[in-house]
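Q: Please take a close look at one helix of this structure and at the places around it. How is such a part described, and what lies beside it?

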Amino acid sequence: MNILIKITYDGTKFHGFQVQPDERTVEGELNKALKKTLKEEVKVFYAGRTDRGVHALGQYANFYSDTTIDIGNLPKVINFNLPEDVSVVDAKYVTDDFHARYDAKSKKYRYVIYRSRYRNSLLYNRAYEYPYEVDPKRMQEALNYLIGEHDFNSFMGKGAIVKDSIRTINSIDVIEDGKFLYIDFVGKSFLKNMIRIVAGTTLEIGRGQREIEYMRKALEEKNRKAAGPTAPACGLYLVDVKY
């Protein structure tokens, strides 16, 4: 049976998602928990990876198992073997040919900004606390330059290993919610640190430190030095994957 699970995690204390020797990772904890739960070694296929410190509300993975554990109880049993900062919130059967990564049509990420002069302890490592005034309209206008298929080399983190830096962004929306400001990204795939670099660049534009055209020029330069700073990982969430 091919089983698909939905996963949430607080990325604060993880050294990223992907398994690494001698480091605590989300994938490592999940693999160990599944082995304990299923009483067997299974190959797990994940929808994607997130960087160190990035959170997830909707990460997905599939694996093949003939376990007799009821599918409705499976998340509870897996969670018994997981640490508190990772949890499985749903499980269901999918077709034999389903693949969590290759069948993904799009991924939604959200960058969370908290606009306040004073820090909020309840948001520690859960949002980018930004004590400056920004103009969401300027931010949205700048972000519109990035929608569609482009070479995002200027927004790619150091050390990324990719065939090319061409990606397609379906939509980017700036949403105001009281003191919170969300930047929602939807696309099939993203480069290393891409969303965080875009967020950092956008905030400089929103604050008036850069002109709106700076985003377009940075995109055209295809050089990391042409774009703005990388926003902190704590504000980024993988919200969902569409299949």
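A: Two residues are said to be in contact, or to touch, when heavy atoms of theirs lie within 4.5 Å. In this predicted model, Ile 71 gives an example of the term. Ile 71 is placed in the loop between strand 3 (55-64) and helix 2. Apart from residues up to four places away in sequence, Ile 71 touches Ile 3, Ala 91, Lys 92 and Tyr 93. Its separation from Arg 117, by contrast, is 47 Å from C-alpha to C-alpha, with their positions 46 residues apart along the chain.

The part chosen for the close look is helix 3, which comprises residues 136-143. Is helix 3 largely enclosed by the rest of the structure or largely open? Six of its eight residues are buried, so helix 3 is largely enclosed by the rest of the structure. A residue counts as buried when its relative accessible area is under 20%. The buried residues of helix 3 are Pro 136, Arg 138, Met 139, Gln 140, Ala 142 and Leu 143. Their cover includes three strands, namely strand 5, strand 8 (166-177) and strand 9 (180-187), together with helix 4 and helix 5 (213-221).

Among these covering elements, helix 4 deserves attention. Two packed helices are described by the angle between their axes and the distance between the axes. Helix 3 packs against helix 4 (residues 194-206) at an angle of about 130°, and their axes are 8 Å apart. That angle makes helix 3 oblique to helix 4, because angles from 65 to 115 degrees count as roughly perpendicular, those over 145 as roughly antiparallel, those under 35 as roughly parallel, and the rest as oblique. The crossing of the two helices is right-handed.

Which residues meet where helix 3 and helix 4 pack? From helix 3 come Arg 138, Met 139, Ala 142 and Leu 143, and from helix 4 come Val 198, Thr 202, Leu 203, Ile 205 and Gly 206. Sorted by class, this contact has six nonpolar, two polar and one charged residues. The spacing of such residues can be read with a simple rule: an α-helix has 3.6 residues a turn, so residues three or four places apart point the same way.

Helix 5 also belongs to the cover of helix 3, and Met 215 lies in helix 5. Met 215 has 0% relative accessibility and therefore counts as buried. Setting aside neighbours within four places in sequence, Met 215 is in contact with Ala 142, Leu 143, Tyr 145, Leu 146, Phe 155, Val 198, Thr 201, Thr 202 and Ile 205. Ala 142 and Leu 143 in that list are buried residues of helix 3, and Val 198, Thr 202 and Ile 205 are residues of helix 4 that helix 3 meets. Met 215 and Tyr 237, in turn, are 22 residues apart in sequence and 23 Å apart in space, C-alpha to C-alpha.

Beyond helix 5, Lys 222 is placed in the loop that leads to strand 10. Its phi is near 55°, a positive value in a residue other than glycine. With a relative accessible area of 44%, Lys 222 is partly exposed. Asn 125, in the loop between strand 5 and strand 6 (128-130), likewise has a positive phi, of about 65°, although it is not a glycine. Asn 125 is partly exposed, and its relative accessible area is 26%.

Aromatic rings offer a further view. A search of the whole structure finds eleven aromatic pairs. In one of them, the rings of Phe 98 and Tyr 243 have centres 5.0 Å apart and planes at 65°, so the pair is edge-to-face. Phe 98 lies in the loop between strand 4 (86-94) and strand 5 (106-115), and Tyr 243 in the segment after strand 10 (236-242), so the pair ties together parts 145 residues apart in sequence. At 12% relative accessibility Phe 98 counts as buried, whereas Tyr 243, at 30%, counts as partly exposed. Ring pairs also link Tyr 111, Tyr 128, Tyr 130 and Tyr 132 into a cluster.

Finally, a loop residue may be set beside the buried helix. Arg 52, in the loop between strand 2 (45-46) and strand 3, is exposed, with a relative accessible area of 55%. Leaving out neighbours within four places in sequence, Arg 52 is in contact with Phe 14, His 15, Gly 16 and Ala 233. The C-alpha atoms of Arg 52 and Cys 234 are separated by 9.0 Å, although these residues are 182 residues apart along the chain.

How values were computed. Residues are numbered from 1 along each chain as its sequence is written. This is a predicted model: local features need pLDDT of at least 70, side-chain atom pairs count only at pLDDT 80 or more; totals for chains, interfaces and linings use all residues. Side-chain values use heavy atoms; hydrogens and water are left out. Axes are lines fitted to C-alpha atoms, for helices over the stretch in contact, and angles run from 0 to 180 degrees between N-to-C directions. Helices (H or I, at least four residues) and strands (E, at least two) are DSSP runs, numbered from the N terminus. A crossing is left-handed if the near helix is turned anticlockwise from the far one by less than a right angle, and right-handed if clockwise. Ala, Val, Leu, Ile, Met, Phe, Trp, Tyr, Cys and Pro count as nonpolar, Asp, Glu, Lys and Arg as charged, and the others, Gly among them, as polar. Rings of Phe, Tyr and Trp (its six-membered ring) pair if their centres lie within 6.5 Å; planes under 30 degrees apart count as stacked, over 60 as edge-to-face and the rest as tilted. Buried means under 20% relative accessible area, exposed over 50%, partly exposed in between (1.4 Å probe, protein chains only).
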